[in-house]
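Ready for some practice in reading a protein model? Keep the sequence and the 3D view side by side, and try each task before you look at the solution.

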Amino acid sequence: MTDTVLEVDNLCKSFGGVQAIRDLSFAVSPGEVLGLIGPNGSGKSTTVNALAGVFPATSGRIMLCGTQVQGMTEHARVAMGLARTFQTASIFPEFTVREQITLGGTVTLTLHPLASVFGLGRHASEDEALHERVQEILDLTGLAPVAEQTVGTISSAQQRFLMIATALAAEPRIILLDEPAAGLVSHERKMLSETIKAIRDRGTAVLVIEHHMALIMEVCDRIVVLNFGSKIAEGTPAEIRNNRAVIDAYLGE
Ligand code: ADP
Ligand code: MG
């Protein structure tokens, strides 16, 4: 049918009298990195929360791999292939890094609609596949050297990579990253951009919200720009960099 992973049509979200998103439409393809940028308060986090199902959209349509997801819980959307990271870490400090990522992978197994039919669907072959997947993710996110350390002992930058790794373990079709570079220093941002590109190269779509313009310009295939809840521009990094409306929106910040 369609090879669009995520399609958003005329999405609106109001909080009381505040219209946080208005008539927002965009699509993301497999193996694409789409950036969502805009000044503070322009509606970026609201968009991510509406997509993930934290709260219902006021109106509009969200299609995930061809299926409408309005009304579905956050967990159901994860099971359908949408994963996200959070701005604050939600981790188990006593677990090792490897255990925490493995837990991210088992969540989808138990959430699968047929899981109960198959006694949670855990078979030796699945455990083996999960083990391999976790190792691949450890390598991809640069966490392999600290795999056996407990989560409480790794650096805050490593914890941010761990959140991405945990989300990846659920084998998403698309991963939503809300300000993944927050608190990272230059060489860590470099690692982050390498990780984002590697995720894309595996065929997973990425939707990234980020203030750090150099990172956005480097990793994104396409960028959508919000201002006061509306899309004011969409294009390649080169197009966005020279867009008058975008420059004006940021100058007004
Ligand atoms: P961004 O992430 O781009 O900085 P947000 O999506 O957080 O922007 O916010 C967009 C607008 O919606 C802002 O005016 C903000 O005050 C408002 N808003 C966001 N979340 C809520 C909420 N839970 N209740 C009321 N207003 C909110
Ligand atoms: Mg935000």
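The exercises below deal with this predicted model, and each one comes with a worked solution.

**Exercise 1. The domains**

Task: Find which domains the chain is assigned, and work out which elements of domain 1 touch domain 2.

Solution:
- Step 1. Begin with the assignment: domain 1 covers 1-81 + 172-253, and domain 2 covers 92-171.
- Step 2. Locate the centres. The C-alpha centres of domain 1 and domain 2 are 24 Å apart.
- Step 3. Look at the contact, which takes 14 residues from domain 1 and 16 residues from domain 2.
- Step 4. On the side of domain 1 that touches domain 2, the elements that give two or more residues are α2, β7 (174-178) and α6 (186-201). The largest share, five residues, comes from α6.
- Step 5. Sort the residues of that side of domain 1 by character: ten are nonpolar, three polar and one charged.

**Exercise 2. The nonpolar core**

Task: Describe the largest nonpolar core and explain where it lies relative to the two domains.

Solution:
- Step 1. Recall the general idea: in soluble globular proteins, nonpolar side chains tend to be buried together.
- Step 2. In this model the largest nonpolar core has 61 residues. The residues with the most contacts inside this core are A165, L168, I174, I175, V206, L207 and V208.
- Step 3. Helix α5 (residues 156-169) provides the largest share of this core, eight residues.
- Step 4. Now for the position. The core lies between domain 1 (1-81 + 172-253) and domain 2 (92-171), because both give residues to it.
- Step 5. Zoom in on V208. Not counting neighbours within four places in sequence, V208 is in contact with V33, G35, L177, P180, I196 and V219.

**Exercise 3. The surroundings of ligand 1**

Task: List the residues around ligand 1 and decide which element gives the most to this shell.

Solution:
- Step 1. Gather the residues: ligand 1 is surrounded by F15, V18, A20, G38, N40, G41, S42, G43, K44, S45 and T46.
- Step 2. Match them to elements. At least two residues of the shell come from β2 (18-28), and at least two from α1 (44-52).
- Step 3. With three residues, α1 gives the most to the shell.
- Step 4. By character, the shell around ligand 1 has three nonpolar residues, seven polar and one charged.

**Exercise 4. Strand β9 and its partners**

Task: Decide how β9 pairs with β3 and with β10, parallel or antiparallel.

Solution:
- Step 1. Check how enclosed the strand is. Five of the six residues of β9 (residues 222-227) are buried, so the strand is largely enclosed by the rest of the structure.
- Step 2. Take β3 (residues 33-37): four bridges join this strand to β9, and the two run parallel. One bridge to look for is G35 with I223 in β9.
- Step 3. Take β10 (residues 230-235): its pairing with β9 is antiparallel, over five bridges. Here I223 has G235 in β10 as its bridge partner.
- Step 4. Finish at the turn. β9 and β10 form a hairpin with two residues between them, and F228 in the turn has a positive phi of about 50°.

**Exercise 5. From β1 through β4 to β5**

Task: Follow the pairing of β4 with β1 and with β5, and find which residue of the hairpin has a positive phi.

Solution:
- Step 1. β1 (residues 6-15) and β4 (residues 59-64) run antiparallel and are joined by five bridges. V8 stands opposite I62 in β4.
- Step 2. β4 and β5 are also antiparallel, with two bridges. Here M63 stands opposite Q68 in β5.
- Step 3. The hairpin of β4 and β5 has two residues between the strands, and C65 takes a positive phi near 50°.

**Exercise 6. Buried, exposed or in between?**

Task: Classify V69, N10 and E179 by their C-beta neighbours within 10 Å, using 20 or more for buried and 12 or fewer for exposed.

Solution:
- Step 1. V69 is found in the loop between β5 (67-68) and α2 (74-79). V69 is partly exposed because it has 19 other C-beta atoms within 10 Å.
- Step 2. N10 is in strand β1. With 13 other C-beta atoms within 10 Å, N10 is partly exposed. N10 also has a positive phi of about 50°, although it is not a glycine.
- Step 3. E179 is in the loop between β7 and α6. E179 has 18 C-beta neighbours inside 10 Å, so it counts as partly exposed.

Technical notes. Residues numbered from 1 in each chain as written. Chains lettered and ligands numbered in written order. Predicted model: local features only at pLDDT ≥ 70, side-chain atom pairs only at ≥ 80, totals over all residues. Near = placed C-beta within 6 Å. Nonpolar A, V, L, I, M, F, W, Y, C, P; charged D, E, K, R; others polar. Core = buried A, V, L, I, M, F, W, Y, C linked by C-beta atoms within 7 Å. Domains from an automatic or database assignment. Contact = placed C-beta atoms within 7 Å. Pairing = 2+ DSSP bridges.
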